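I set out to go through one chain element by element and to note what I looked up. The entries follow in the order of my reading.

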Amino acid sequence: MTTFFSCLDKLMKQNTSNFSELPTSKRHAQDQPGEQEEVTSLIVDQNEAKHGHAPSCPLRRAAKGDLALLLDVLVHSASQGAIGDESAAWGVDEKGRTEEDLVDSDDAHPADNFASTSDNDDRVIALKDYCQKRSQVLVQRLSNNMEDVTRQDDVKPTDIAMSLVIAGVFRQLHRYKVDQTDTVTSLIDQNTIKTLTSLLFHQVLWEAHSPDGNSEATNCEEYDRLLAYATWLAYVSDLNFQTRLPISASQDEQDQVHWQNAVMTFLSQRLVSSPQLETEADRLLADYGKRASDWLMRMLRFGRNIRDEKQVELHDYRLALTHEKGFWGIRLVIGEEGGCINLASINRGGYSRYQSTFIERL
């Protein structure tokens, strides 16, 4: 685990500003006899029709080389065939034992105090503490990288790739079996998960980002996968649709409810707009049982009601959309004042204000 985080640290510090030099891949790739595109990442199946977008719209990959391969391992291969058995992704048996455990290997790195501990309980505690601290470092590094982002156009494809790497690491560690029994010990602190969730929705994902790839950030292969992992993060962070609070509640409490509903509304519309995204989110939640399945089904039902019926299940909320370019889809109205309409937002501040002439209320 120490080696893994060491490699990850080095990759995250690499200069990834050469996004414009990366090759493009058609969303609907067509094989041409005698032509073979150089594959720099295993993330994308070059022969796979991608997300139903216009055939002429190319997608760039936000990462290449070692970082792209790390993305592939974490996000695609590591859990692709491990639904219901996440331990298989880490090369362990049903009791959480690695091949080295089975042969009683003694070649553990001396710097790994959790590996050199003789008592298994102490080893689990040390490993958990180590991974939780390193996870906090990853989130802080992403936060530092995103501190200058104040609008959707500031988000770069490399920000999407870095966010996806961290979310992929969290997904694997969250259910990783580290002891010799069938129980699961989480290697991720719940507060760190919630911090990453807030960071993604406050600064990385924006309402103006549409599924049509209308910006440099969304026009990369990693963006839709990040949305799927954001859905998983929303679930493990216990985000749900909330009833609007009475005016007697504190402003902070009301803002938190509006923000949660904005996140759920944001995700639900994007899930129903892409069967591939829905499938990916379902795969990521498959290990979490019926509660996760019911949570996802409610979100999908909510998204379809908004899309098809222009209705919302949440009491005391009205819907609004715009035919301009301020945001994509439908959002929740939380108030009006001075000729302006306030809409619940996933981003910093929890709401955004628009002139009433700019908004169509449903």
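**Strands.** I looked up the bridge partner of Leu319 in this predicted model and found Leu332, in β4. The strands concerned are β3 (residues 318-321) and β4 (residues 331-337), which pair in the antiparallel sense over three bridges. I then followed β4 to its pairing with strand β5 (residues 340-344), which is antiparallel over four bridges. Here Gly335 has Asn342, in β5, as its bridge partner. I checked the turn of this hairpin: two residues lie between β4 and β5, and Gly338 takes a positive phi near 55°.

**Val312.** I placed this residue in the loop between α11 (289-309) and β3. Is Val312 buried or partly exposed? I found a relative accessible area of 22%, and because buried requires under 20%, Val312 counts as partly exposed. Leaving aside neighbours within four places in sequence, I listed Phe302, Tyr317, Leu319 and Leu332 as the contacts of Val312. Leu332 thus appears again, as the bridge partner of Leu319 and as a contact of Val312. For Val312 and Leu332 I noted a separation of 20 residues in sequence and of 8.9 Å in space, C-alpha to C-alpha.

**Arg171.** I located Arg171 in helix α6 (residues 157-174). Its relative accessibility is 2%, so I entered Arg171 as buried. Which side chain does Arg171 join in a polar contact of 3.1 Å? I found that of Asp287. Beyond four places in sequence, I recorded contacts of Arg171 with Tyr229, Trp232, Arg283, Leu284, Asp287 and Tyr288.

**Helix α7.** I looked up the extent of α7 and found 15 residues, 190-204. From first C-alpha to last, α7 reaches 20 Å, close to the 21 Å expected at 1.5 Å a residue. At the start of the helix, I noted a side-chain oxygen of Asp189 within 3.0 Å of the backbone nitrogen of Asn191. I then listed the buried residues of α7: Thr192, Ile193, Leu196, Thr197, Leu199, Leu200, Phe201, Gln203 and Val204.

**Nonpolar cores.** I recalled that nonpolar side chains tend to be buried together in soluble globular proteins. Which members of the largest nonpolar core touch the most other members? I found Phe170, Phe201 and Leu205, out of 77 residues. Helix α8 (residues 222-236) gives the most to this core, with 11 residues. There is also a second, separate core of seven residues, and I noted Val333, Ile341, Leu343 and Tyr354 among them. Returning to Leu205, I listed its contacts beyond four places in sequence as Leu200, Tyr223, Leu226, Leu227, Ala230, Phe266, Ile346 and Asn347.

**Confidence.** I closed with the pLDDT values. The chain averages 75, and 67% of the residues score at least 70. Among the elements, I found the highest mean pLDDT, 95, in α7 and the lowest, 43, in strand β1 (residues 24-26). Over residues 17-58 pLDDT stays under 50, and I noted 77 contacts beyond four places in sequence in the model for this stretch. Over residues 77-112 pLDDT likewise stays under 50, and I noted 52 such contacts beyond four places in sequence.

Key. Residues numbered from 1 in each chain as written. Predicted model: local features only at pLDDT ≥ 70, side-chain atom pairs only at ≥ 80, totals over all residues. Heavy atoms only, no water. Expected span 1.5 Å × (residues − 1). Buried < 20%, exposed > 50% of the residue type's maximum accessible area, 1.4 Å probe, protein only. Polar contact = N/O pair within 3.5 Å; in protein donor to acceptor, adjacent residues only side chain to side chain. Core = buried A, V, L, I, M, F, W, Y, C linked by side-chain atoms within 4.5 Å. Contact = heavy atoms within 4.5 Å. pLDDT = per-residue confidence, 0-100. Pairing = 2+ DSSP bridges.
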